[in-house]
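Student: I should like to work through this structure by question and answer. May we begin with the strands and then turn to the ligand, the core and selected residues?

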Amino acid sequence: MGDYSDGASTLSGAPDIDWDARAAVFDDEPDHGLRDPEVRRAWAARLRSWLPERPGDLLDLGCGTGSLSLLASGQGHRVTGVDLSPAMLRQARAKLAGRDAVFLTGDAAAPPVGGQRFDAVLVRHVLWALPDSARALRHWRELLRPGGRLVLVEGVWGTVAPVGIPAGRLTALLAPVAGQVRVERLSDDPALWGREVADERYAVVATPG
Ligand SMILES: C[S@@+](CC[C@H](N)C(=O)[O-])C[C@H]1O[C@@H](n2cnc3c(N)ncnc32)[C@H](O)[C@@H]1O
(Lines give C-alpha, C1' and ligand atoms only; values in the text may rest on other atoms or scores of the structure.)
Protein backbone atom coordinates (compact mmCIF):
# COMPACT_ATOMS: atom_id res chain seq x y z
CA MET A 1 0.00 0.00 0.00
CA GLY A 2 1.41 3.37 -0.99
CA ASP A 3 1.50 6.75 0.67
CA TYR A 4 -1.95 8.31 0.84
CA SER A 5 -1.10 10.99 3.39
CA ASP A 6 -1.78 13.62 0.72
CA GLY A 7 -5.35 12.34 0.51
CA ALA A 8 -6.34 14.82 3.19
CA SER A 9 -7.92 12.42 5.63
CA THR A 10 -6.81 10.35 8.60
CA LEU A 11 -8.43 7.55 10.56
CA SER A 12 -11.89 8.98 10.22
CA GLY A 13 -13.59 10.32 7.12
CA ALA A 14 -13.16 9.52 3.45
CA PRO A 15 -10.02 10.79 1.74
CA ASP A 16 -10.16 12.87 -1.40
CA ILE A 17 -7.86 10.93 -3.72
CA ASP A 18 -7.69 11.17 -7.51
CA TRP A 19 -7.50 7.44 -8.26
CA ASP A 20 -7.46 7.99 -12.01
CA ALA A 21 -4.28 10.02 -11.65
CA ARG A 22 -2.67 7.23 -9.63
CA ALA A 23 -3.61 4.41 -11.99
CA ALA A 24 -0.53 4.62 -14.25
CA VAL A 25 1.89 4.01 -11.36
CA PHE A 26 -0.39 2.06 -9.04
CA ASP A 27 1.11 -1.31 -9.91
CA ASP A 28 4.64 -0.12 -9.10
CA GLU A 29 3.97 -0.92 -5.42
CA PRO A 30 4.94 -4.58 -4.87
CA ASP A 31 1.62 -5.50 -3.23
CA HIS A 32 -0.39 -3.73 -5.95
CA GLY A 33 1.15 -5.01 -9.16
CA LEU A 34 2.25 -8.39 -7.68
CA ARG A 35 5.04 -8.44 -10.29
CA ASP A 36 7.57 -10.15 -8.00
CA PRO A 37 6.82 -13.89 -8.10
CA GLU A 38 7.43 -14.22 -4.35
CA VAL A 39 4.93 -11.45 -3.54
CA ARG A 40 2.43 -12.88 -6.02
CA ARG A 41 2.77 -16.36 -4.51
CA ALA A 42 2.27 -14.97 -1.01
CA TRP A 43 -0.99 -13.24 -1.99
CA ALA A 44 -2.16 -16.24 -4.00
CA ALA A 45 -1.71 -18.52 -0.98
CA ARG A 46 -3.57 -16.15 1.37
CA LEU A 47 -6.35 -15.61 -1.13
CA ARG A 48 -6.80 -19.34 -1.59
CA SER A 49 -7.16 -19.74 2.17
CA TRP A 50 -9.71 -16.89 2.46
CA LEU A 51 -11.93 -17.67 -0.54
CA PRO A 52 -14.35 -20.60 -0.77
CA GLU A 53 -12.59 -23.83 -1.70
CA ARG A 54 -15.01 -24.45 -4.52
CA PRO A 55 -14.75 -21.96 -7.42
CA GLY A 56 -17.67 -19.55 -7.35
CA ASP A 57 -18.85 -16.04 -8.09
CA LEU A 58 -16.60 -13.38 -6.63
CA LEU A 59 -17.29 -9.67 -6.37
CA ASP A 60 -14.07 -7.62 -6.15
CA LEU A 61 -15.07 -4.14 -4.98
CA GLY A 62 -12.70 -1.26 -5.64
CA CYS A 63 -10.82 -3.77 -7.75
CA GLY A 64 -8.27 -1.22 -8.94
CA THR A 65 -5.97 -2.62 -11.62
CA GLY A 66 -7.35 -6.11 -11.02
CA SER A 67 -4.32 -7.81 -9.47
CA LEU A 68 -6.36 -9.77 -6.91
CA SER A 69 -9.09 -10.37 -9.49
CA LEU A 70 -6.46 -12.03 -11.66
CA LEU A 71 -5.27 -14.29 -8.85
CA ALA A 72 -8.85 -15.25 -7.99
CA SER A 73 -9.60 -15.95 -11.63
CA GLY A 74 -6.50 -18.16 -11.76
CA GLN A 75 -8.00 -20.10 -8.85
CA GLY A 76 -11.15 -20.74 -10.86
CA HIS A 77 -13.49 -18.01 -9.56
CA ARG A 78 -15.76 -16.01 -11.87
CA VAL A 79 -14.95 -12.39 -11.16
CA THR A 80 -17.07 -9.27 -11.22
CA GLY A 81 -14.92 -6.22 -10.51
CA VAL A 82 -16.28 -2.79 -9.65
CA ASP A 83 -14.35 0.46 -9.44
CA LEU A 84 -15.09 4.17 -9.77
CA SER A 85 -11.92 4.90 -11.72
CA PRO A 86 -12.04 4.33 -15.50
CA ALA A 87 -8.23 4.36 -15.65
CA MET A 88 -7.97 1.59 -13.03
CA LEU A 89 -10.66 -0.40 -14.82
CA ARG A 90 -8.87 -0.15 -18.17
CA GLN A 91 -5.89 -1.91 -16.62
CA ALA A 92 -8.07 -4.51 -14.91
CA ARG A 93 -9.85 -5.33 -18.18
CA ALA A 94 -6.53 -5.68 -19.98
CA LYS A 95 -5.11 -7.93 -17.24
CA LEU A 96 -8.08 -10.29 -17.33
CA ALA A 97 -8.74 -10.21 -21.07
CA GLY A 98 -10.10 -13.54 -22.27
CA ARG A 99 -11.05 -14.70 -18.76
CA ASP A 100 -14.45 -15.26 -17.17
CA ALA A 101 -14.53 -11.77 -15.68
CA VAL A 102 -16.51 -8.56 -16.07
CA PHE A 103 -15.61 -5.10 -14.85
CA LEU A 104 -18.18 -2.44 -14.07
CA THR A 105 -17.87 1.25 -13.36
CA GLY A 106 -19.60 2.04 -10.11
CA ASP A 107 -19.55 2.82 -6.42
CA ALA A 108 -18.21 0.02 -4.23
CA ALA A 109 -20.68 1.06 -1.54
CA ALA A 110 -23.60 0.36 -3.90
CA PRO A 111 -22.25 -1.82 -6.70
CA PRO A 112 -24.30 -1.94 -9.93
CA VAL A 113 -24.87 -5.71 -9.89
CA GLY A 114 -28.68 -5.74 -9.86
CA GLY A 115 -30.04 -8.90 -8.27
CA GLN A 116 -26.87 -10.94 -8.70
CA ARG A 117 -25.55 -12.64 -5.57
CA PHE A 118 -22.01 -13.83 -4.83
CA ASP A 119 -20.17 -16.56 -2.94
CA ALA A 120 -17.59 -14.03 -1.77
CA VAL A 121 -17.21 -10.28 -1.68
CA LEU A 122 -13.53 -9.31 -1.70
CA VAL A 123 -12.47 -5.79 -0.74
CA ARG A 124 -8.80 -4.89 -0.36
CA HIS A 125 -7.68 -1.44 0.77
CA VAL A 126 -11.00 0.21 -0.09
CA LEU A 127 -13.28 0.23 2.96
CA TRP A 128 -11.12 2.87 4.66
CA ALA A 129 -11.76 5.18 1.69
CA LEU A 130 -15.57 4.98 1.84
CA PRO A 131 -17.56 7.71 3.60
CA ASP A 132 -19.92 5.33 5.47
CA SER A 133 -18.19 2.00 6.10
CA ALA A 134 -20.93 0.60 8.37
CA ARG A 135 -23.54 1.13 5.68
CA ALA A 136 -21.31 -0.42 3.01
CA LEU A 137 -20.79 -3.53 5.16
CA ARG A 138 -24.54 -3.93 5.64
CA HIS A 139 -25.07 -3.68 1.91
CA TRP A 140 -22.30 -6.13 1.07
CA ARG A 141 -23.83 -8.72 3.37
CA GLU A 142 -27.01 -8.49 1.30
CA LEU A 143 -25.00 -9.32 -1.84
CA LEU A 144 -23.93 -12.71 -0.48
CA ARG A 145 -25.53 -16.04 -1.25
CA PRO A 146 -26.33 -18.21 1.76
CA GLY A 147 -22.99 -19.52 3.04
CA GLY A 148 -21.11 -16.65 1.38
CA ARG A 149 -18.40 -14.59 3.01
CA LEU A 150 -16.84 -11.15 3.13
CA VAL A 151 -13.07 -11.01 2.71
CA LEU A 152 -11.76 -7.64 3.80
CA VAL A 153 -8.09 -6.68 3.65
CA GLU A 154 -7.35 -3.44 5.45
CA GLY A 155 -4.83 -1.72 7.67
CA VAL A 156 -3.50 1.54 9.01
CA TRP A 157 -0.72 2.98 6.88
CA GLY A 158 1.88 5.54 7.75
CA THR A 159 2.98 6.96 11.07
CA VAL A 160 2.96 10.77 10.75
CA ALA A 161 -0.58 11.07 9.35
CA PRO A 162 -1.89 7.51 9.43
CA VAL A 163 -4.76 6.56 7.16
CA GLY A 164 -6.87 3.45 7.34
CA ILE A 165 -9.10 1.48 9.65
CA PRO A 166 -7.78 -0.45 12.67
CA ALA A 167 -8.79 -4.11 13.03
CA GLY A 168 -10.59 -3.41 16.31
CA ARG A 169 -12.79 -0.83 14.67
CA LEU A 170 -13.59 -3.04 11.71
CA THR A 171 -14.53 -6.02 13.86
CA ALA A 172 -16.81 -3.75 15.90
CA LEU A 173 -18.46 -2.56 12.69
CA LEU A 174 -18.90 -6.18 11.63
CA ALA A 175 -20.56 -7.27 14.88
CA PRO A 176 -24.13 -6.52 13.69
CA VAL A 177 -23.38 -7.90 10.21
CA ALA A 178 -21.47 -11.14 10.64
CA GLY A 179 -21.87 -14.20 12.84
CA GLN A 180 -18.29 -15.39 12.54
CA VAL A 181 -15.32 -13.07 12.16
CA ARG A 182 -11.72 -14.24 11.78
CA VAL A 183 -8.90 -11.70 11.84
CA GLU A 184 -5.54 -12.59 10.32
CA ARG A 185 -2.54 -10.42 10.97
CA LEU A 186 -0.54 -9.63 7.83
CA SER A 187 2.09 -7.20 9.13
CA ASP A 188 4.55 -9.92 10.01
CA ASP A 189 4.76 -11.45 6.54
CA PRO A 190 7.21 -9.36 4.45
CA ALA A 191 6.56 -11.60 1.44
CA LEU A 192 3.15 -9.92 1.08
CA TRP A 193 4.58 -6.42 0.92
CA GLY A 194 7.96 -6.96 -0.68
CA ARG A 195 9.62 -5.59 2.49
CA GLU A 196 9.34 -5.52 6.28
CA VAL A 197 6.44 -3.38 7.50
CA ALA A 198 5.75 -2.04 10.98
CA ASP A 199 2.21 -0.71 10.66
CA GLU A 200 -1.06 -2.58 11.15
CA ARG A 201 -2.13 -4.77 8.23
CA TYR A 202 -4.70 -7.53 8.44
CA ALA A 203 -7.42 -9.51 6.71
CA VAL A 204 -10.87 -10.33 8.03
CA VAL A 205 -12.98 -13.21 6.84
CA ALA A 206 -16.56 -12.66 7.96
CA THR A 207 -19.43 -15.09 7.57
CA PRO A 208 -22.94 -13.82 8.27
CA GLY A 209 -24.78 -15.91 10.83
C1 LIG B 1 -5.92 1.42 -2.70
S2 LIG B 1 -6.75 1.02 -4.19
C3 LIG B 1 -7.02 -0.76 -4.02
C4 LIG B 1 -7.22 -1.45 -5.33
C5 LIG B 1 -7.38 -2.97 -5.24
N6 LIG B 1 -8.48 -3.33 -4.38
C7 LIG B 1 -6.10 -3.60 -4.76
O8 LIG B 1 -6.08 -4.06 -3.62
O9 LIG B 1 -5.12 -3.64 -5.52
C10 LIG B 1 -8.37 1.68 -3.94
C11 LIG B 1 -9.27 1.46 -5.14
O12 LIG B 1 -10.61 1.74 -4.75
C13 LIG B 1 -11.23 2.53 -5.74
N14 LIG B 1 -12.29 3.28 -5.07
C15 LIG B 1 -12.17 4.24 -4.12
N16 LIG B 1 -13.38 4.64 -3.71
C17 LIG B 1 -14.28 3.90 -4.43
C18 LIG B 1 -15.69 3.85 -4.46
N19 LIG B 1 -16.46 4.60 -3.67
N20 LIG B 1 -16.27 2.98 -5.29
C21 LIG B 1 -15.53 2.19 -6.13
N22 LIG B 1 -14.20 2.21 -6.13
C23 LIG B 1 -13.59 3.05 -5.30
C24 LIG B 1 -10.13 3.37 -6.34
O25 LIG B 1 -10.44 3.82 -7.63
C26 LIG B 1 -8.97 2.38 -6.32
O27 LIG B 1 -8.95 1.63 -7.50
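The dialogue below concerns a predicted model.

Student: Which strand pairs with strand β1 (residues 57–61) over five bridges, and in what sense do the two run?
Tutor: One position that shows the register is L59, which stands opposite T80 in β2. Five bridges join β1 to its partner, and the two strands run parallel. The partner of β1 is β2.

Student: What is the handedness of the unit made by β1, α4 and β2?
Tutor: The helix of this unit, α4, spans residues 67–74. With β1 and β2, α4 makes a β-α-β unit, and its handedness is right-handed.

Student: Which residue of β3 is the bridge partner of G81?
Tutor: Strand β2 (residues 78–83) and strand β3 (residues 101–105) pair in the parallel sense over five bridges. Within this pairing, D83 stands opposite T105. The bridge partner of G81 is F103.

Student: Which helix makes a right-handed β-α-β unit with β2 and β3?
Tutor: β2 also belongs to the right-handed unit with β1 and α4. In the unit with β3, the helix covers residues 86–95. That helix is α5.

Student: How many of the residues of α4 are buried?
Tutor: The buried residues of α4 are S67, L68, S69, L70, L71, A72 and S73. Just after α4, G76 takes a positive phi of about 100°. The helix is mostly covered, and the buried count is seven of its eight residues.

Student: How many of the residues of β2 are buried?
Tutor: β2 pairs with β1 and with β3. The strand is mostly covered, and the buried count is five of its six residues.

Student: How do the residues of the shell around the ligand divide into nonpolar, polar and charged?
Tutor: The ligand is surrounded by 20 residues, of which the closest are W19, G62, G64, A108 and R124. α4 and β2 each supply at least two residues of this shell. The division is 11 nonpolar, six polar and three charged.

Student: Which strand gives the most to the largest nonpolar core?
Tutor: The largest nonpolar core has 57 residues, and those with the most contacts inside it are V121, L122 and L152. The strand that gives the most to this core supplies six residues and spans residues 144–157. That strand is β5.

Student: Which residues does V121 touch, leaving aside those up to four places away in sequence?
Tutor: V121 is among the residues with the most contacts inside the largest nonpolar core. With residues up to four places away in sequence not counted, V121 touches L59, L61, W140, L143, L144 and L150.

Student: Why is L34 classed as buried?
Tutor: L34 lies in the loop between α2 (30–33) and α3 (37–50), and its phi is near 50°, a positive value in a residue other than glycine. A residue is buried if 20 or more other C-beta atoms lie within 10 Å of its own. L34 meets this cut-off and is therefore buried, its number of other C-beta atoms within 10 Å being 23.

Student: Is H125 buried or exposed?
Tutor: H125 lies in the loop between β4 (118–124) and α6. Its phi is near 60°, a positive value in a residue other than glycine. Because 21 other C-beta atoms lie within 10 Å of its own, H125 is buried.

Student: Why is H139 classed as partly exposed?
Tutor: H139 has its place in helix α6 (residues 133–142) and touches A109 and A110, not counting residues up to four places away in sequence. A residue is exposed with 12 or fewer other C-beta atoms within 10 Å, buried with 20 or more, and partly exposed in between. H139 is therefore partly exposed, its number of other C-beta atoms within 10 Å being 16.

Student: What distance separates the C-alpha atoms of Y202 and E154?
Tutor: Y202 lies in strand β8 (residues 200–207) and is partly exposed, with 19 other C-beta atoms within 10 Å. Leaving aside neighbours within four places in sequence, Y202 is in contact with E154, G155, A167, V183, E184, R185 and L186. Y202 and E154 are 48 residues apart along the chain, and their C-alpha atoms are separated by 5.7 Å.

Methods:
Residues are numbered from 1 along each chain as its sequence is written. This is a predicted model: local features need pLDDT of at least 70, side-chain atom pairs count only at pLDDT 80 or more; totals for chains, interfaces and linings use all residues. Two strands pair if DSSP finds at least two bridges between them. Helices (H or I, at least four residues) and strands (E, at least two) are DSSP runs, numbered from the N terminus. A crossover is right-handed if, with the strands pointing away from the viewer, the path from the first strand over the helix to the second runs clockwise. A nonpolar core is a set of buried Ala, Val, Leu, Ile, Met, Phe, Trp, Tyr and Cys residues joined through C-beta atoms within 7 Å. Two residues are in contact if their C-beta atoms, placed from the backbone, lie within 7 Å. A residue is near a molecule or strand if its C-beta atom, placed from the backbone, lies within 6 Å of it. Ala, Val, Leu, Ile, Met, Phe, Trp, Tyr, Cys and Pro count as nonpolar, Asp, Glu, Lys and Arg as charged, and the others, Gly among them, as polar.
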